[in-house]
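Me: I am new to this structure and would like a close look at a single part of it, the place where two helices pack together. Please take me through that part carefully, and then show me what surrounds it.

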Amino acid sequence: ILLADQLRAQALGYAGDGNVRTPHIDSLAAQSANFRYAISNLPVCTPYRASLLTGQRPLTNGIFMNDVRLDTGAVTIAEVLSENGYQTAYIGKWHLDGQYRLAFTPPGARRQGFQYWKAVNCSHSYNQSAYYFNNDTTRKYWEGYDAIAQTKDAGEYIRNQASGDKPFFLMLSWGTPHSPYHTAPEKYKAMYDPAAIELRPNVPEKLHSKARKDLAGYYAHISALDDMIASLISRLKAEGILENTIILFTADHGDLMGSHAHYNKQRPFDESIRVPFLVYDGRKAGIQPGRYDAMVGADDIMPTLLGLAGVSVPRSVEGVDFSRYLHGKEASPKDSLALFYCIQPFGQWTRQQGGKEIRGIRTPRYTYVRDLGGPWLLYDNVADPYQLKNLAGLPENVLLQDRLDKLLLNRLKETGDEFLSGDAYLKKYGYPSLDKNGTVPYFN
């Protein structure tokens, strides 16, 4: 699994962004199943990662805010694969070990089944001061730009495993292109001139200068990751195992980057909730490359990868196994909609941008969202791809809104989601007292 942080689906060459240069990711996309409607169901770091590892929804695993520790009794994909003879490895940003972002995560239950470990709970320092731990409390520093050093280490891990007799599961979790945006190596920053960047039409004029400047840095990080993917694929080829390797390239959530006058994530707009999702299967009996329209989310990753590996999916998993769908043996096993939510909005940037408790569905065509007061947003993403016109409450859309509302409410009922206030869930799950920004307090 190659996991980027805060990389929106739209910001890649194969996805149609003419600003960015991602030739190696574009090449991977041409050889992969491209789930073009992949959704970050709760678009913020810790909840997405918890769903990825457990195959469970946030109100099941209890993780719906950042800086909360994943239950050490959770059944994770790394544990399952380890029990089935796999060597497991984690490199990079973890963000599942609670409120102390730069603390040591000791070997054992808090590593959730990963054996090889070079990680830090959460850091967005990408140069020189970026550090990690492995099996003791000594801080070890990545040399130079951490994404390059982490990828190099991942390549060495692959080289060492290729000569062994056990399969391996490696998760490489980069911190970029998450802010700070302007910290990529100079060679990548030189690729982008802010003045030449074409903005999405939903970026208001007052943010044009800032958005162009920030996007230049954002794209520089992305182009660096593009080279890292090329490096890893070259390593797999050199070791003679690319033809027996499954690669998932995705991200935990997107970044608004000025769209709808907002930045960051935790919002219901496509720039926040849509993520890249490429599944490459090098095996001869593998999947067919091309565009796949099924709606896939974070909780579907564990069962799908286990299915592709021929490993039984544990009963604790709530997500859907898409492996037979990918092999052309069945239609999509999931309704053509993805549920997304904000259970408890947090962070100064979210509150300033009007963040609130929501539940919504994304279909290939529509986005429909309720807040605690009732219907809030309705977009026709085919007629209005930049989501500029809210159709909710308009008389001519009564039948459409009613149909989507029923789909959403039925899905909430099926998943046992009562859609209560955020405060109710904070009490139910025993969260600590929040700080002035409504955030779980975190410490370095």
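Reply: In this predicted model, helices H5 and H7 are roughly parallel to each other, because their axes cross at roughly 10° and an angle under 35 degrees counts as roughly parallel. H5 covers residues 146-162 and H7 covers residues 208-238, and the two axes come within 10 Å. Both values are given since two packed helices are described by the angle between their axes and the distance between the axes. On the side of H5, the contact is made by Ala147, Ile148, Thr151, Ala154, Gly155, Glu156, Ile158 and Arg159, while H7 contributes Leu225, Met228, Ser231, Leu232, Arg235 and Leu236. Sorted by character, the residues of this contact divide into eight nonpolar, three polar and three charged.

Beyond this pair of helices, the model also holds an open sheet of eight strands, whose order is E4-E3-E7-E1-E8-E9-E2-E10 and whose pairing is mixed. At the edges stand strand E4 (116-120) and strand E10 (290-292), each of which has a single partner strand, so that one side of each is left without a neighbour in the sheet. On average, and with direction ignored, neighbouring strands of this sheet are turned by 15° against each other. At the E10 edge, strand E2 (residues 33-35) pairs with E10 in the parallel sense over three bridges, and within this pairing Asn34 has Arg291 of E10 as its bridge partner.

Other helices lie across strands of the sheet. Helix H2 (residues 45-54) lies across strand E1 (2-5), strand E3 (87-93), strand E7 (168-177) and strand E8 (246-251), and its direction makes an angle of about 165° with E1. Helix H9 (residues 301-309), in turn, lies across E8 and strand E9 (277-281), running at about 170° to E8, so that E8 is among the strands crossed by H2 and is also crossed by H9.

These parts belong to a protein chain whose secondary structure comes to 13 helices and 14 strands. The chain has a radius of gyration of 21 Å, close to the 22 Å that the globule rule gives for 444 residues, and it is therefore as compact as a globular protein of that length. Along its principal axes the C-alpha trace spans about 65 × 50 × 45 Å, and 60% of the 444 residues count as buried. Finally, among the contacts in the chain with a separation of 6 or more, 69% are accounted for by residues 24 or more positions apart.

Key:
Residues numbered from 1 in each chain as written. Predicted model: local features only at pLDDT ≥ 70, side-chain atom pairs only at ≥ 80, totals over all residues. Heavy atoms only, no water. Axes fitted to C-alpha atoms, helices over the stretch in contact; angles between N-to-C directions. Helix = DSSP H or I, 4+ residues; strand = E, 2+ residues; numbered from the N terminus. Parallel < 35°, antiparallel > 145°, perpendicular 65-115°, else oblique. Contact = heavy atoms within 4.5 Å. Nonpolar A, V, L, I, M, F, W, Y, C, P; charged D, E, K, R; others polar. Pairing = 2+ DSSP bridges. Rg over C-alpha atoms; globule rule 2.2 N^0.38 Å. Buried < 20%, exposed > 50% of the residue type's maximum accessible area, 1.4 Å probe, protein only.
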